[in-house]
Amino acid sequence: MFRKVLIANRGEISVRIIRACRELGIPTVAVYSEADANSLHVRLATDSYCIGPADSAKSYLSIPAIMSVAELTGADAIHPGYGFLSERADFAEICEQHGIKFIGPSSESMRKMGDKANARKTMIDNDVPVIPGTPIVHTVGEIKKFAKKAGYPIILKATAGGGGKGMRIVRNDDEIDTNFTLCRTEAGKAFGNPDVYCEKYLENPRHIEVQIIGDKFGNYIYLGERDCSVQRRHQKLLEEAPSPAIDEKTRHKMGEAAIRAAKAVKYEGVGTCEFLLDSDGKWYFMEMNTRIQVEHCVTEMISQVDIARQQILVASGERLQYKQRDIQLKGHAIECRINAENPSKDFMPCPGVIDGYLPPGGFGVRVDSHVYAGYSIPPYYDSMIGKLICWGENRNQARRRMYQALKEYVIVGIETTIPFHQAVIEDEVFKSGNFNTSFLEDFYKRQNDSKK
Ligand code: MV4
């Protein structure tokens, strides 16, 4: 097992990882920026080191600063959390070169999945369904040819993109030229790689993702799916497991496909395969997230597998403690992301001091957060201040429990997304379970209609 784990992150995920380490008896090192001196992860870790100013480019993204603390403290592993350095293959490689275990897949697996056109080819070679599309395209002519075959709309995607970045929808021949140029230019600037490929564009799919875990001995399990269709500008707001749209047979097939995807790149650790599900039940691999995700908790609640703990165990070289038949999903879990944002002002971030704080509790209620009464939310980072996760025997029970927990949750001094979530949880379409990635737009139309 590791001697000491450095957590190269902040906020609730640092707290989550520190808790998992403490339970395993592993000392931890927190790093923090000058703006985070009063954050909970700094207090909970065994040791804490300031690594730079508020600007994350000079602190949480500073590889030299983080590596220095690792050397200084004798940490033999670094957990990157999510965001920041978590999907940087170059960082994983630097860790590998310094004999520090990056708690995540190898830099090689990350590169193979990080290049989306390459990942598509790998999936095709391994019988994982992908949306009809192309390898990297070099000319307008190639795109036109694909559009003729697949039919409009199509989408151009940056091969170095992902998570909704670097994509352009094309609806007819006349739109190809400008979109191709813009997509390449933007991709070059944002990712340092201008290459793009094409896919048939699916209108309003459901976003379904499958959690997998693999060890270094080639053992893999899947932990079922999460439905993340409630999104706003590619930011997830609410997630649930299982998906109301997936039956037992599809769950099994998608799980097996996710494992084939992971095996194809010799994936080690926890990871997520993202799929799109269209309105006639067909589903396709989109991309793989090579990190622990914000929404991993809903899977933990229905599988009883501590994903953060397993991630550390398999990274340290232990054998996976579960076989697929050990995984029995039970009940339903919903997670609401509590953000310091004003939903009635276009989700404008509103950092500031939390004057009063009283989180909900009770059976099946979980709060993962780094905030407390008196805490000041800094304006420099993402606005998520916690996650409220509710479990129930079935979807309706989880939903009702969530409604009550949201009502109990007191956060004084700042605006939060709590009232927004209350409205979603009570919404008739949400209740029905029959919705897709257009949910939020339609939800606002319904809200406006009901006011008229
Ligand atoms: C798509 C798509 C439709 N067709 N690809 C957005 C995030 C990135 N992982 C992939 N994304 C999409 N890719 C094809 N061929 C629609 C989306 C998409 C989306 C996907 C999941 C959740 C929300 C979304 C919102 C808009 C677009």
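Here are four short exercises, each with a worked solution, on a predicted model.

**Exercise 1. Two helix pairs**

Work out how helix H4 is oriented relative to helix H5, and how H13 is oriented relative to H15.

*Solution.* Start with H4 (residues 89-97) and H5 (residues 107-114), whose axes lie 8 Å apart at an angle of about 170°. Angles over 145 degrees count as roughly antiparallel, so H4 is roughly antiparallel to H5.

Now take H13 (residues 418-426) and H15 (residues 439-451): here the angle is about 90°, and the axes are 12 Å apart. The range from 65 to 115 degrees counts as roughly perpendicular, and therefore H13 is roughly perpendicular to H15.

**Exercise 2. The residues at each contact**

Find which residues form the contact of H4 with H5 and which form that of H13 with H15, then sort each set by class.

*Solution.* From H4, pick out Ala 89, Asp 90, Ala 92, Glu 93 and Glu 96; their partners in H5 are Ser 107, Met 110 and Arg 111. Sorting this contact of H4 with H5 gives four charged, three nonpolar and one polar residue.

For the other pair, H13 contributes Phe 420, Ala 423 and Val 424, while H15 contributes Phe 439, Leu 440, Phe 443, Tyr 444 and Gln 447. In the contact of H13 with H15, seven residues are nonpolar, one is polar and none is charged.

**Exercise 3. Two serines**

Decide whether Ser 109 is buried or exposed, classify Ser 316 in the same way, and list what each serine touches beyond four places in sequence.

*Solution.* First place Ser 109, which sits in helix H5. Its relative accessibility is 1%, and buried means under 20%, so Ser 109 counts as buried. Ser 109 touches Val 265, Lys 266 and Tyr 267, leaving aside residues up to four places away in sequence.

Next, look for Ser 316 in the loop between helix H11 (307-315) and strand E15 (332-339). With a relative accessible area of 23%, Ser 316 is partly exposed. With residues up to four places away again set aside, Ser 316 touches Met 1 and Phe 2. As a last step, check Lys 216: this residue is 100 residues from Ser 316 along the chain, yet their C-alpha atoms are separated by 9.5 Å.

**Exercise 4. A pocket**

Describe the second largest pocket by its volume and its lining.

*Solution.* Begin with the volume, which is about 250 Å³. The second largest pocket is lined by 15 residues, and Arg 206, Ala 245, Leu 277, Asp 278 and Ser 279 are the closest to its centre. Finally, sort the lining: six residues are nonpolar, six polar and three charged.

How values were computed: Residues are numbered from 1 along each chain as its sequence is written. This is a predicted model: local features need pLDDT of at least 70, side-chain atom pairs count only at pLDDT 80 or more; totals for chains, interfaces and linings use all residues. Side-chain values use heavy atoms; hydrogens and water are left out. Axes are lines fitted to C-alpha atoms, for helices over the stretch in contact, and angles run from 0 to 180 degrees between N-to-C directions. Helices (H or I, at least four residues) and strands (E, at least two) are DSSP runs, numbered from the N terminus. Angles under 35 degrees count as roughly parallel, over 145 as roughly antiparallel, 65 to 115 as roughly perpendicular and the rest as oblique. Contact means heavy atoms within 4.5 Å. Ala, Val, Leu, Ile, Met, Phe, Trp, Tyr, Cys and Pro count as nonpolar, Asp, Glu, Lys and Arg as charged, and the others, Gly among them, as polar. On a 1 Å grid over the protein atoms alone, a cavity is a set of points where a 1.4 Å probe fits but cannot get out, and a pocket is an open set with protein on both sides within 12 Å along at least five of seven lines; lining residues have an atom within 4 Å of a point. Grid points are joined across faces, edges and corners, and a volume is the space filled by probe spheres set on the points. Buried means under 20% relative accessible area, exposed over 50%, partly exposed in between (1.4 Å probe, protein chains only).
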